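Good morning, and thank you for the time on today's agenda. I shall go through one structure with you, moving from single residues to the arrangement of the chains.

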Amino acid sequence: MNELIEQEITGIVSALMEDYDNDRYIDEVNLFQQPDKREIISIINGLMTLVYPGYYLDRTRKLYTVQSNLSVVAEDVMYRLNKQIGLALRFKEESLSQKDIDRSAQEMALAFFRKIPGIRAILETDLDAAFEGDPAAKHREEIILSSPGLLAITVHRLAHELFLLRVPLIPRIMTEHVHSLTGIDIHPGATIGKYFFIDHGTGIVIGETAQIGNHVKLYQGVTLGALTTRGGQALREVKRHPTIQDHVTIYAGASILGGATVIGTGSVIGGNAFITSSIPGGTRVSIKNQELFYKKGQGQEEVAEELDQGEEWYYVI
Amino acid sequence: MNELIEQEITGIVSALMEDYDNDRYIDEVNLFQQPDKREIISIINGLMTLVYPGYYLDRTRKLYTVQSNLSVVAEDVMYRLNKQIGLALRFKEESLSQKDIDRSAQEMALAFFRKIPGIRAILETDLDAAFEGDPAAKHREEIILSSPGLLAITVHRLAHELFLLRVPLIPRIMTEHVHSLTGIDIHPGATIGKYFFIDHGTGIVIGETAQIGNHVKLYQGVTLGALTTRGGQALREVKRHPTIQDHVTIYAGASILGGATVIGTGSVIGGNAFITSSIPGGTRVSIKNQELFYKKGQGQEEVAEELDQGEEWYYVI
Amino acid sequence: MNELIEQEITGIVSALMEDYDNDRYIDEVNLFQQPDKREIISIINGLMTLVYPGYYLDRTRKLYTVQSNLSVVAEDVMYRLNKQIGLALRFKEESLSQKDIDRSAQEMALAFFRKIPGIRAILETDLDAAFEGDPAAKHREEIILSSPGLLAITVHRLAHELFLLRVPLIPRIMTEHVHSLTGIDIHPGATIGKYFFIDHGTGIVIGETAQIGNHVKLYQGVTLGALTTRGGQALREVKRHPTIQDHVTIYAGASILGGATVIGTGSVIGGNAFITSSIPGGTRVSIKNQELFYKKGQGQEEVAEELDQGEEWYYVI
């Protein structure tokens with residue numbers, strides 16, 4: 001590498017370093033003062049081990065018994081979560097003293113861990129619902145080892161407890177991580193009942209203020225969303241996502257929108273339906289048959305006569 | 001950390017350990033008795049190296065020649081797959097003796113490896129189809145190195161062979177792993193012909209009993225699904241997903257549903273079409289133009305006069 | 001393992017090795033002659049650190065100051081990118097001498113790094129737009145640490161500069177990697193203005209020749225696509241994706257298709273709209289209310305009388 005290029009590289013690096021002096025959000029360089037995304041992902045993996053020990057435990061650990069192995073994982077995850085909560089609180093609650101932050105973080109971490117057996121009891125109902133609902137699933141173990149829906153609801157239920165404890169930043173980082181893995185985007189604020197089943201899952205969006213009862217099934221591409229976000233930050237805390245009562249099934253691609261929209265108990269919403277007002281209980285809703293155009297291909301004589309012979313059509317990628 | 005908190009932590013960990021005594025599926029703690037998801041993902045990566053050696057081979061390995069390097073990978077992957085198949089069989093076929101399981105696992109692993117050259121021959125046709133179909137692709141190498149569609153069909157073709165050999169658990173873990181990476185959810189049971197092309201891919205769902213011919217193209221968000229899953233586990237083994245014949249193109253967001261639905265040779269299904277009955281060969285199907293409402297914005301004089309002036313409209317997130 | 005099985009394994013491995021002699025694209029075994037996907041992903045992570053230093057910097061590095069730490073990352077990433085560009089050029093520009101390739105790669109890497117401060121200035125506007133647009137976001141830091149939309153547009157803006165410099169292979173590998181992480185598929189060729197906001201994001205597809213102005217918002221499942229890809233490789237370089245002018249919002253699931261389609265300044269496109277021709281500025285477009293069928297469930301007396309009582313309906317997965 002000749003000297004000229006070396007000078008140029010030095011100049012480029014200097015310009016980049018100066019760019020960090022602009023005092024914008026993206027110019028933050030102070031480490032150790034905010035939660036660490038990588039560490040939070042590692043904590044999620046530790047929590048998955050505690051929730052489904054036989055399926056997620058790292059087999060390279062060679063401790064004496066499974067129980068002592070799991071105790072070590074539990075204490076380790078609790079310690080690390082405590083630390084991340086402290087960083088999140090210090091970052092967002094600038095008026096608190098370090099001592100208050102330490103105490104709050106400790107209390108939040110302990111309160112969260114006390115909830116884990118209760119969360120596990122609900123997850124067993126989700127596993128039942130997933131097995132009952134999916135004829136392609138051969139065993140419950142297959143679901144634990146492979147279902148994106150069970151993974152998403154597991155991480156949601158954990159993140160939701162941290163959300164209820166008012167832990168900043170960490171719950172959303174957790175759910176966005178599982179969104180990345182599954183294509184299922186559940187805001188940690190959403191309230192979801194027992195026996196919840198998601199099939200396929202890619203493209204599902206469940207908004208922050210959605211409320212979902214027990215025995216609800218969702219298929220891929222379902223949105224439980226807001227009617228408008230024009231208000232932006234002014235809409236914070238307002239209920240803007242729908243309520244889904246017990247025993248509702250919502251098929252693929254349906255959108256249910258609006259904070260006042262209620263889907264009543266036992267209703268079934270058909271694929272691709274677009275719902276912006278309430279549906280009473282026990283209703284089965286389906287989209288009317290689309291009007292479709294059919295056109296015979298060139299040289300293809302076998303096109304059925306009974307099809308419409310509309311002339312217009314188009315392709316879409 | 002003071003003593004009180006230490007006691008509390010001990011209590012929380014004990015409660016968690018007792019929670020594993022409930023004898024539910026999620027309470028399984030026996031390791032080494034079922035397939036290991038991390039190991040299966042590592043096997044997938046080894047298989048990708050064997051299928052596309054120049055693109056996936058780990059460059060940190062410094063063996064003498066590429067051929068000897070690949071031979072080592074092949075023997076290593078075969079050995080590890082054999083072991084995982086054994087665990088899957090032991091887990092699900094409790095009536096078999098350990099000797100029978102060992103022999104079956106060995107035979108299945110060998111039978112699978114014998115299929116790899118044939119699978120590679122078909123994948124070369126998929127690569128051709130991907131290059132021909134995508135004007136944004138500049139080189140075939142770009143497709144191998146970056147296309148989610150080629151990745152998904154590659155792992156599917158491998159997992160499908162294991163599915164045909166009746167290996168438990170592992171095929172679904174493989175396809176759900178690639179679902180996580182690509183947003184493309186193909187059940188390992190689906191039958192797919194040569195020259196298969198998926199573009200973009202996110203949101204595609206192909207059900208277990210779908211049958212797809214040669215030269216078929218699918219775009220993002222296409223579902224080849226079932227009409228209902230109300231039957232749950234009772235529907236297992238029933239053909240509930242459609243048949244797509246040769247040379248069919250299905251554009252983005254279309255849904256083709258039902259086990260008796262057949263899309264005939266050479267047909268083209270337009271974007272967002274919702275098809276629940278058979279379409280004869282050589283037909284081009286498109287949705288009728290949607291009725292849309294248009295409303296002029298405030299202070300925007302340039303709205304074209306020819307647009308409808310409907311008053312109702314709504315936003316959707 | 002008995003001798004027979006050992007022979008069989010040897011035979012299977014030999015057959016696989018012979019399969020690489022077929023001289024197809026997939027038979028390429030020459031390493032070190034093309035870009036390395038793993039290395040490019042590592043370069044992306046390095047670039048994320050340079051763009052958002054306080055959020056992505058590896059905390060296990062213990063260098064003296066943050067600035068010197070970042071300088072080391074910058075020089076390291078520049079060196080490695082230079083090398084990958086060289087491999088990409090050698091692979092695709094066979095007529096160039098090694099010396100010319102080395103010089104071009106060096107120039108491209110330097111030119112790219114000079115652009116980074118400018119890219120960062122635009123990303124700060126994207127961060128503003130994300131915070132303003134999302135009532136569920138509590139802090140800007142939460143967005144940097146968790147938003148898939150910001151991640152996708154960040155990697156796009158970096159890859160787009162390499163695309164403009166005519167670097168082969170690498171830009172698409174970069175955007176497909178972030179597609180895998182986020183479900184958002186933006187071709188590196190797409191032109192995108194400031195204050196760009198993607199919410200949720202899963203299923204979004206933005207084609208190579210799309211042109212997007214400033215202050216544009218997109219929700220999940222939006223396609224900016226081509227009307228047809230029947231032309232395949234013959235369509236390369238033709239503008240086949242739409243133009244979106246400034247201050248346009250496109251809600252979930254909408255498709256805007258065709259190279260001549262222009263969405264005018266300030267327009268709002270409602271959810272699921274399917275647009276294949278231009279929309280003048282200041283227009284709000286929404287789909288007409290779907291005709292839906294409603295059917296009373298058995299034993300559910302509370303179904304509202306005002307609902308249609310159509311008899312046909314169907315489920316969809």
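**From a loop serine to the chain arrangement**

Let us begin in chain C, where S147(C) sits in the loop that joins α6 (140-146) to α7 (148-164). Please keep in mind throughout that this is a predicted model. Is S147(C) buried or exposed? Its relative accessible area is 17%, and the limit for a buried residue is under 20%, so S147(C) is buried. The side chain of S147(C) also reaches the backbone nitrogen of L150(C), at 3.0 Å.

A second residue worth finding is T283(B), which belongs to strand β14 (residues 283-287) of chain B. T283(B) is buried, with a relative accessible area of 0%. If you look for D36(B) as well, you will find that T283(B) and D36(B) are separated by 247 residues in sequence and by 47 Å in space, C-alpha to C-alpha.

I turn now to the aromatic rings. Over all chains, the structure contains 12 aromatic pairs. One of them joins F197(B) and Y219(B) in an edge-to-face arrangement, with 6.5 Å from centre to centre and 80° between the planes. What does this pair tie together? F197(B) lies in strand β3 (residues 197-198) of chain B, while Y219(B) lies in the loop between β6 (217-218) and β7 (223-225) of chain B, so the pair links parts that are 22 residues apart in sequence. F197(B) counts as buried at 4% relative accessibility, and Y219(B) is buried at 0%.

Another edge-to-face pair is formed by F112(C) and F113(C), at 5.8 Å centre to centre and with 85° between the planes. F112(C) is buried at 0% relative accessibility, and F113(C) is buried at 2%. In chain A, F197(A), Y219(A) and Y251(A) make up one aromatic cluster.

Next, the enclosed spaces. How many cavities of 30 Å³ or more does the structure hold? There are 9. The largest cavity has about 270 Å³ of space. It is lined by 27 residues, and those closest to its centre are D134(A), A136(A), D199(A), H200(A) and R172(B). Two or more lining residues each come from α6 (140-146), α7 (148-164) and β3 (197-198) of chain A, and from α8 (170-182) of chain B. The largest share, 3 residues, is that of α6(A). By class, the lining of the largest cavity has 11 nonpolar, 8 polar and 8 charged residues.

The second largest cavity has a volume of about 160 Å³. Among its 22 lining residues, H241(A), D134(C), A136(C), D199(C) and H200(C) are the closest to the centre. The greatest contribution to this lining comes from α8(A), with 3 residues.

There are also open pockets to consider. The second largest pocket has a volume of about 1,400 Å³. Its lining consists of 42 residues, and N272(A), Q290(A), N272(B), N272(C) and Q290(C) lie nearest the centre. This lining divides into 6 nonpolar, 30 polar and 6 charged residues.

Finally, how are the chains arranged? Two copies of a chain are related by a rotation about an axis together with a shift along it. Chain A is superposed on chain B by a rotation of 120° with 0.0 Å of shift along the axis, at an RMSD of 0.0 Å. That is the relation of a three-fold axis. Likewise, a turn of 120° and a shift of 0.0 Å along the axis lay chain C on chain A with an RMSD of 0.0 Å. Thank you for your attention.

Definitions and conventions. Residues numbered from 1 in each chain as written. Chains lettered and ligands numbered in written order. Predicted model: local features only at pLDDT ≥ 70, side-chain atom pairs only at ≥ 80, totals over all residues. Heavy atoms only, no water. Least-squares fit on C-alpha atoms with pLDDT ≥ 70 in both. 1 Å grid on protein atoms, 1.4 Å probe; cavity = no way out; pocket = protein on both sides within 12 Å on 5 of 7 lines; lining within 4 Å. Points joined across faces, edges and corners; volume = space filled by probe spheres on them. Nonpolar A, V, L, I, M, F, W, Y, C, P; charged D, E, K, R; others polar. Phe/Tyr/Trp six-rings, centres within 6.5 Å; stacked < 30°, edge-to-face > 60°. Helix = DSSP H or I, 4+ residues; strand = E, 2+ residues; numbered from the N terminus. Buried < 20%, exposed > 50% of the residue type's maximum accessible area, 1.4 Å probe, protein only. Polar contact = N/O pair within 3.5 Å; in protein donor to acceptor, adjacent residues only side chain to side chain.
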